[in-house]
Amino acid sequence: MSTGAPATAAGESRPAAGDLAGLEAGLDALDSTVVSRQPWLRTLLSKAFPPLIAIAIVLGLWQLAYHFQLKPHYLLPSPLDVFRSLQQKWLEGTLLSFVWTSVSRGALGFLASVAIGTVLGLIVARVKPVRAAIGPILSGLQSLPSVAWVPAAIIWFGLSDATIYAVVLLGAVPSIANGLVSGVDQISPLYLRAGRTVGATGLAGVRHVLLPAALPGYLAGLKQGWAFSWRSLMAAELIVNAPDLGTGLGQLLEQGRELQDMSWVLGAILLILIVGIGIELLIFAPIERRVLRSRGLLVKS
């Protein structure tokens with residue numbers, strides 16, 4: 001009996017890893033409701049048909065504008081002309097390399113922005129003097145157009161990859177940090193007290209309580225951060241053009257402008273749009289649905 005008392009006291013002073021894991025899982029399950037899943041075919045039809053109809057309408061209006069020559073054909077090519085321009089790049093074997101150059105740059109810049117923005121957001125959210133000092137600056141930086149950083153980045157780093165990544169970071173980090181701050185502000189004090197009760201403080205509290213509870217707002221910041229990083233990347237690639245940098249979608253767009261080839265220009269714009277929407281739908285949308293469903297925030301209409 002006497003030998004068991006110290007062990008009990010030690011167990012009370014420092015929570016087991018299982019307790020923290022149970023707390024983290026409890027945050028996800030708290031106030032959640034069971035949502036019945038629709039059949040996959042029904043879900044596919046309900047999700048796919050509206051965008052396909054919208055695309056068909058846009059293409060139809062585009063073709064009508066081409067047919068009635070609202071602009072000369074060299075200024076407004078038809079959808080078929082744009083498709084043929086993209087097909088030519090595909091047959092030349094260069095189309096995928098253009099896409100990969102931009103996607104790899106965007107992914108690397110976004111991951112770096114997530115690392116920096118998460119740490120910065122946690123500091124701003126939890127340290128009041130820091131929040132009072134740089135919170136308004138973060139909001140101002142978020143509203144600043146990314147292209148405004150390009151001239152300064154060229155002066156600092158020259159025509160190099162560092163210039164492109166600097167513009168991406170400056171465009172995405174404020175959005176991610178502000179999203180996390182917003183998520184932390186919406187955490188119920190009950191969650192924080194429950195974490196402190198089982199000893200989840202410091203880094204353990206951040207990992208098992210703060211970040212899971214702030215996840216919906218944090219995820220919204222990540223989505224916006226990706227949008228800003230993609231826009232910042234295209235702005236940088238349009239201006240920072242050098243032979244040793246490779247050719248991304250922004251450089252492809254600028255080459256079309258220099259050649260006065262509108263089919264080329266519209267094809268590049270279309271690729272930029274497809275990549276941005278594709279990453280949103282394939283990566284962020286499923287994660288967001290899973291998080292909202294686990295919190296009982298996604299209900300069947």
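**Close-up 1. Glu-254 and its partner in helix H12.** Glu-254 is buried in this predicted model, its relative accessible area coming to 14%. That falls below the 20% cut-off, so Glu-254 gets the buried label. Its carboxylate pairs up with Arg-257 in a salt bridge, and the closest N and O atoms sit 2.6 Å apart. Both residues belong to helix H12 (residues 249–258), where being three residues apart puts about one helical turn between them. Arg-257, for its part, is partly exposed at 45% relative accessible area.

**Close-up 2. Lys-223 and two glutamates of helix H13.** Here Lys-223 forms a salt bridge with Glu-280, with 3.5 Å between the closest N and O atoms. Lys-223 belongs to helix H11 (residues 215–239) and Glu-280 to helix H13 (residues 262–294), so this pair ties together parts 57 residues apart in sequence. Glu-280 counts as partly exposed, with 24% relative accessibility. Lys-223 also forms a salt bridge with Glu-288, and there the closest N and O atoms are 3.0 Å apart. Glu-288 is again in H13, so the pair links parts of the chain that are 65 residues apart in sequence. Like many a side chain you might zoom in on, Glu-288 needs an accessibility label too: partly exposed, at 26%.

**Close-up 3. A salt-bridge network of three residues.** Arg-105, Asp-161 and Glu-237 are linked to one another in a network of salt bridges. Searching the whole structure turns up six salt bridges. Two of the network residues, Arg-105 of H5 and Glu-237 of H11, show up again in the contact between those helices, which is the next view.

**Close-up 4. Where helix H5 packs on helix H11.** How do H5 and H11 pack, in angle and axis distance? Their axes are 9 Å apart and meet at an angle of about 135°. That makes H5 oblique to H11, and the crossing is right-handed. From H5, the contact uses Ser-102, Val-103, Arg-105, Gly-106, Ala-107, Phe-110, Val-114 and Thr-118. H11 brings in Tyr-218, Leu-222, Gly-225, Trp-226, Ser-229, Trp-230, Leu-233, Met-234 and Glu-237. Sorted by class, this contact has 10 nonpolar, five polar and two charged residues.

**Close-up 5. Ser-113 inside helix H5.** Is Ser-113 buried or exposed? With 0% relative accessibility, Ser-113 counts as buried. This serine lies in helix H5 (residues 95–126). Setting aside neighbours within four places in sequence, Ser-113 is in contact with Thr-118, Val-168, Leu-169, Ala-172, Val-173 and Ile-176.

**Close-up 6. Helix H6 against helix H8.** Helix H6 (residues 128–143) packs with helix H8 (residues 161–185) at an angle of about 125°, and their axes are 9 Å apart. H6 is therefore oblique to H8, and H6 passes H8 in a left-handed crossing. On the H6 side you'll find Arg-131, Leu-138, Ser-139, Leu-141 and Gln-142. They meet Pro-174, Ser-175, Ala-177, Asn-178, Val-181 and Asp-185 in H8. By class, the contact of H6 with H8 comes out at five nonpolar, four polar and two charged residues.

Key:
Residues are numbered from 1 along each chain as its sequence is written. This is a predicted model: local features need pLDDT of at least 70, side-chain atom pairs count only at pLDDT 80 or more; totals for chains, interfaces and linings use all residues. Side-chain values use heavy atoms; hydrogens and water are left out. A salt bridge is a side-chain nitrogen of Lys or Arg within 4 Å of a carboxyl oxygen of Asp or Glu. Helices (H or I, at least four residues) and strands (E, at least two) are DSSP runs, numbered from the N terminus. Buried means under 20% relative accessible area, exposed over 50%, partly exposed in between (1.4 Å probe, protein chains only). Axes are lines fitted to C-alpha atoms, for helices over the stretch in contact, and angles run from 0 to 180 degrees between N-to-C directions. Angles under 35 degrees count as roughly parallel, over 145 as roughly antiparallel, 65 to 115 as roughly perpendicular and the rest as oblique. A crossing is left-handed if the near helix is turned anticlockwise from the far one by less than a right angle, and right-handed if clockwise. Contact means heavy atoms within 4.5 Å. Ala, Val, Leu, Ile, Met, Phe, Trp, Tyr, Cys and Pro count as nonpolar, Asp, Glu, Lys and Arg as charged, and the others, Gly among them, as polar.
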